[in-house]
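I opened the model to look up one strand and its neighbours, then a spot on the surface. My notes are below.

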Amino acid sequence: PLLASAHENGCICLWSIQGNLVKELLPFSKYPSVPLTALCTDISTKMLLAGSKEGHIMRWSIDSFLEDPQNSKNQIKEELCWRAHSTEVVDLFHEEEKNVVVTASIDGSVRLWHAVNGCYLGYFGQPRKFELSDISRLILPCDVNNFPAIIKEESKQMEKKLFEYPLMLDRDK
C-alpha cells in the first residue's frame with residue numbers, strides 16, 4: 001500500500017507506509033505547475049486523479065507501477081489533462097461502475113466527466129438527465145474553452161529538445 005500526497009508546488013508524492021518517499025510525480029502540461037488541491041484513485045487503483053487550484057484535472061495510469069515499483073520499466077504515465085472548472089477544484093471522485101469522474105469547485109458547481117477521455121457529460125442541477133452512453137458529443141461548460149489533452153510519451157521527449165529557429169522576414173506575410 002502507498003499513500004499519495006498533493007503539494008503546493010504541483011507535485012504528487014507517493015509514500016510507503018513506513019514513511020519513505022517512493023516516487024515523486026510532476027504533471028506534464030503546457031501550464032506552469034500550480035498547487036494540487038484534490039486527489040483520488042479508482043477502487044482498483046489503476047488510475048490516479050488530481051485536481052488543481054486552476055480547475056484542471058489530471059489522470060495517471062499507476063497499475064503497472066504498483067505491481068512492481070522497483071522495476072524501472074513500470075512507470076507511472078500521465079494520460080490525460082483537462083480543464084474542468086474555471087476555479088479551484090475542491091473535491092473529485094471516480095465512479096467505477098459508470099466510469100465517470102465527478103468534480104466539485106469553489107464556485108459551487110459539481111460536474112460529471114467521462115473518465116477515459118475527459119468528455120463533459122453535464123452538471124448537477126441541470127434540467128435534462130445525464131446521457132452517459134453518448135461520449136461522442138464535444139461540448140464544454142460555458143466557463144471552459146479547452147478540450148481535454150491526451151498526453152503521449154512522444155510529446156514528453158519532444159518537449160525536452162531545444163530547437164533554434166532564426167528570425168526571418170517574410171514580406172509576403
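The entries go from the strand to its pairings and then to the surface patch.

Entry 1, the strand. I am working with a predicted model. I looked up β5, which covers residues 47–52, and asked how many of its residues are buried. The count is 6 of 6, and the strand is mostly covered. I then sorted the residues by direction. M47, L49 and G51 point one way from β5, while L48, A50 and S52 point the other way. Residues on both sides are buried.

Entry 2, pairing with β4. I checked β4, residues 36–41, and found it antiparallel to β5, with 5 bridges joining the two. Which residue of β5 is the bridge partner of L36? I noted S52. The two strands form a hairpin with 5 residues between them. In that turn, T45 has a positive phi of about 50°.

Entry 3, pairing with β6. I found β6 at residues 56–61, paired with β5 over 5 bridges in the antiparallel sense. L48 stands opposite W60 of β6. This pair of strands is also a hairpin, with 3 residues between β5 and β6. G55 sits in the turn and has a positive phi of about 95°.

Entry 4, the surface. I looked up a nonpolar patch formed by L2, V22 and L66, whose accessible area together is about 200 Å². V22 belongs to β3, residues 21–25. Why can V22 count towards a patch? Its relative accessible area is 35%, and patch residues need over 30%, so V22 passes that cut-off. I logged V22 as partly exposed.

Conventions: Residues numbered from 1 in each chain as written. Predicted model: local features only at pLDDT ≥ 70, side-chain atom pairs only at ≥ 80, totals over all residues. Heavy atoms only, no water. Buried < 20%, exposed > 50% of the residue type's maximum accessible area, 1.4 Å probe, protein only. Helix = DSSP H or I, 4+ residues; strand = E, 2+ residues; numbered from the N terminus. Pairing = 2+ DSSP bridges. Patch = residues over 30% accessible without salt bridge, like charges linked within 9 Å, V, L, I, M, F, W, Y side chains within 5 Å. Areas by Shrake-Rupley, 256 points an atom, 1.4 Å probe, with all protein chains shown as cover. Salt bridge = Lys/Arg side-chain N within 4 Å of Asp/Glu carboxyl O.
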